[in-house]
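Got your viewer open? Here is a short tour, one selection at a time.

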Amino acid sequence: MNLTKKPLGEDPITRSRIVPSPLRIEPEVREQPVPRAAARIVSHGGRGTARDRLLLWSQYGPRFRRAMSDVRGTLPQEWAAAEGRRTGDISALADLAAVRLYLAEEWAWVDPMLLDGNPGAHMPLARCVSSGLRRLPGYRGPAIARIGVTDALLGWYRRNPVLVDRGFWSAASSPAALGAAGPGYLVWSLTGRRTDPIDPYAPGRLVFAPGTRFKVLGVIDGREPRVMMREMFPQETAGKARDGSGARNTAWLDATTVEELTRATAGTPGRAFVACTCPWNRAPGLIAPR
């Protein structure tokens with residue numbers, strides 16, 4: 001009989017099954033690549049956009065015509081008359097129908113292809129969506145994209161104070177969204193477009209066109225981390241002069257914007273808020289897991 005004592009608490013049967021827990025590794029954060037020249041979504045109308053509309057008419061058939069009919073029925077008359085537009089303007093209806101199709105479901109394949117930076121079958125729809133967004137009312141003010149912010153993302157924004165988003169980036173401008181608690185990206189919009197006139201999916205949604213530049217104003221750590229940004233003016237340079245004049249000239253604007261964003265998110269606890277749906281909220285300027 002073997003009377004050899006085993007060390008206290010050690011069992012040769014269970015000991016072999018103990019596996020150390022794997023280390024938690026943050027997902028890789030990748031900056032969106034600069035798109036190839038042929039993949040840049042710059043739509044100024046003209047023959048190119050007219051061809052894109054015809055392609056969508058052929059590609060989507062009844063869905064595209066139904067979207068145009070829906071847009072015609074929801075577009076406010078007072079807005080449609082602005083800038084000489086008519087609700088029966090076929091070009092305007094086609095562009096706005098493209099925005100409606102994108103918001104409904106086409107974002108699921110258009111967004112990944114846009115962020116990939118290569119030309120492809122998504123280009124006609126993306127160009128028409130871009131043209132349609134310019135026909136919608138602009139918005140200047142605070143907005144927020146509710147999404148989890150990891151340590152890896154926070155670190156990237158600290159190292160990169162200026163970023164460019166290459167896709168259609170969505171945020172919410174409703175008081176309920178701004179006042180609700182939670183992590184996310186808080187931004188001061190200059191050119192974000194209100195989609196309310198044609199968007200039945202998410203009241204208060206803003207959509208920014210591809211190529212929109214943002215400046216990071218601050219990164220807030222804690223249980224509900226946030227990244228505070230403002231949209232940059234077209235003439236604003238990303239860097240600064242050797243004497244630092246560029247930084248000094250925008251310091252007052254940055255400070256004022258932070259104050260306004262902080263005031264806008266000082267909401268009343270318990271306010272009802274329904275998150276924007278379709279497209280997904282995502283980290284601007286990056287390709288990162290949701």
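Before you click on anything, one definition: a residue counts as buried when its relative accessible area is under 20%. Phe214 comes in at 0%, so Phe214 is buried. Keep Phe214 selected, because its ring pairs edge-to-face with that of Trp169: the centres lie 5.4 Å apart and the planes meet at 70 degrees. This pair ties together distant parts of the chain, with Trp169 in strand β4 (residues 169-172), Phe214 in strand β7 (residues 212-220), and the two positions 45 residues apart. Trp169 has a relative accessible area of 1%, so Trp169 is buried as well.

**Zoom out and colour by confidence**

Remember that this is a predicted model. The protein chain has a mean pLDDT of 82, and 76% of its residues reach 70 or more. Now select residues 5-25: pLDDT stays under 50 there, and the model gives this stretch 2 contacts beyond four places in sequence. Where pLDDT is low, the predicted coordinates should not be read in detail.

With the whole chain in view, switch to cartoon and you can look for 9 helices and 9 strands. Of the 290 residues, 44% count as buried. Take the contacts with a separation of 6 or more: 80% of them join residues 24 or more positions apart. Flip to a surface and you are looking at about 15,900 Å² of accessible area, 56% of it belonging to carbon and sulfur atoms.

**Select two helices**

Next, show helix α3 (residues 62-74) with helix α5 (residues 90-116). How are they packed, in angle and in distance between axes? The angle is about 110 degrees, and the axes are 8 Å apart. Angles of 65 to 115 degrees count as roughly perpendicular, so that is the description for α3 and α5. Turn on side chains where they touch: α3 contributes residues including Phe64, Ala67, Met68 and Val71, while among those from α5 are Ile90, Leu93, Leu96 and Leu101.

**Stay on Phe64**

Phe64 of that contact is buried, at 1% relative accessibility. Add Trp57 to the selection: its ring centre is 6.3 Å from that of Phe64 and the planes are at 80 degrees, so this pair is edge-to-face. Is Trp57 buried, partly exposed or exposed? At 40% relative accessibility, Trp57 counts as partly exposed.

**Last stop: more rings**

Across the whole structure there are 7 aromatic pairs. To finish, select Trp156, Tyr157 and Tyr185, which together form one aromatic cluster.

Notes
Residues numbered from 1 in each chain as written. Heavy atoms only, no water. pLDDT = per-residue confidence, 0-100. Contact = heavy atoms within 4.5 Å. Phe/Tyr/Trp six-rings, centres within 6.5 Å; stacked < 30°, edge-to-face > 60°. Buried < 20%, exposed > 50% of the residue type's maximum accessible area, 1.4 Å probe, protein only. Helix = DSSP H or I, 4+ residues; strand = E, 2+ residues; numbered from the N terminus. Areas by Shrake-Rupley, 256 points an atom, 1.4 Å probe, with all protein chains shown as cover. Axes fitted to C-alpha atoms, helices over the stretch in contact; angles between N-to-C directions. Parallel < 35°, antiparallel > 145°, perpendicular 65-115°, else oblique.
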